[in-house]
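Hi,

Here is the structure I promised to pass on. Have a look at it first, and my notes follow underneath.

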Amino acid sequence: MSDPTITILLILFAVAFCAGAIDAIAGGGGLITVPALLLAGVSPIQAIATNKFQGLFGTGTAAFTFLRKGHLNIRREWPVAALCFVLSFLGAYVASYVSSDVLEIALPVVLISIAIYFAFQPKLDDKSKRPLLPIALISFAALPLVGFYDGLFGPGAGSFYMLVLVALGGHGVLNATAKTKLFNFASNLGGFVSFLFLGVISWKIGAVMACGQILGARVGANLAITKGNTIIKPMLVTICVALALKLLFWS
């Protein structure tokens, strides 16, 4: 694309701020940023790659905010985050050889199912519960598989992390949100590294949007911490439904 104007950069900064705040609470920021990048004249492959780059700063800032507030233990979670990184890197590599048609058909159904689960789960709160699966299976199989999906396709990855942690791992919503930001950052980084080798990132746009992501993620993470389940649950349901509708009608 041609060199973006100041007006376009300011609009993309504002979009990234909103996306960063939403993503820090419930995920799904790419639902806003990728269409905005396409409307700005960025090619599809550049939009996906640039979105991974700028999204790093949003998820990274959110994870750091949760860490600083005492809701995240990096020493305990880094092995899982490392696996999410590796699997996402592999997923992004595999993406160039695999058709996404099946995923585009199946994902709306899965996302609507997740929305229904969170909407009608009456005991969903910030308290931890007994996990349905062994912790090792969740940590070293289920969560890294979400990382692989994030590199392969991407939409709804934050919601899938949340589902695994809450429904299968018995985590409280706030705790799950904090861990989701770390794992999402790791899988974003894995996908970004793959795209880095392709040389398709729009660095100027990505840098401007990264600034918006940092500010928005701080606002969103603080809202999630102070409001807890009262804001995370409805936001998560809304994002899942919006992602499903987007994949159904605007893919």
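Before the helix pairs, one bit of vocabulary: a helix axis here is a line fitted to C-alpha atoms over the stretch in contact, and the angle between two axes runs from 0 to 180 degrees between N-to-C directions. Please also keep in mind that this is a predicted model.

With that in hand, take helix α3 (residues 44–68) and helix α9 (residues 203–227). Their axes lie 7 Å apart and the two helices pack at an angle of about 30°. Angles under 35 degrees count as roughly parallel, so α3 is roughly parallel to α9. The crossing of α3 past α9 is right-handed. If you sort the residues of this contact by class, you get 14 nonpolar, 9 polar and 2 charged.

There is also a contact of sorts to look at in the loop between α2 (30–39) and α3, where Val42 sits. Is Val42 buried or exposed? Its relative accessibility is 4%, and because buried means under 20%, Val42 counts as buried. The C-alpha atom of Val42 is 8.3 Å from that of Ser202, although 160 residues separate them along the chain.

The other helix pair is α1 (residues 6–26) with α2. Here the axes come within 8 Å and cross at roughly 165°. Anything over 145 degrees counts as roughly antiparallel, so that is the label for α1 and α2. Their crossing is left-handed.

Now for the pocket I thought you'd want to see, the second largest one. It holds about 230 Å³ of space. Its lining is made up of 14 residues, and the closest to the centre are Glu77, Ile135, Ser139, His171 and Lys179. Which helices supply at least two residues of that lining? They are α4 (74–95), α6 (135–152) and α8 (173–198). The most comes from α6, with 5 residues. By class, the lining of this second largest pocket has 8 nonpolar residues, along with 3 polar and 3 charged ones.

While you are on α6, look at Leu137, which is in that helix. Leu137 has 43% relative accessibility, and since partly exposed covers the range between 20% and 50%, Leu137 counts as partly exposed. From Leu137 to Gly169 is 32 residues in sequence, and their C-alpha atoms are 9.7 Å apart in space.

That's everything for now. Shout if you'd like to go through any of it together.

Cheers

Terms used
Residues numbered from 1 in each chain as written. Predicted model: local features only at pLDDT ≥ 70, side-chain atom pairs only at ≥ 80, totals over all residues. Heavy atoms only, no water. 1 Å grid on protein atoms, 1.4 Å probe; cavity = no way out; pocket = protein on both sides within 12 Å on 5 of 7 lines; lining within 4 Å. Points joined across faces, edges and corners; volume = space filled by probe spheres on them. Helix = DSSP H or I, 4+ residues; strand = E, 2+ residues; numbered from the N terminus. Nonpolar A, V, L, I, M, F, W, Y, C, P; charged D, E, K, R; others polar. Parallel < 35°, antiparallel > 145°, perpendicular 65-115°, else oblique. Left-handed = near helix turned anticlockwise from the far one by under 90°. Buried < 20%, exposed > 50% of the residue type's maximum accessible area, 1.4 Å probe, protein only.
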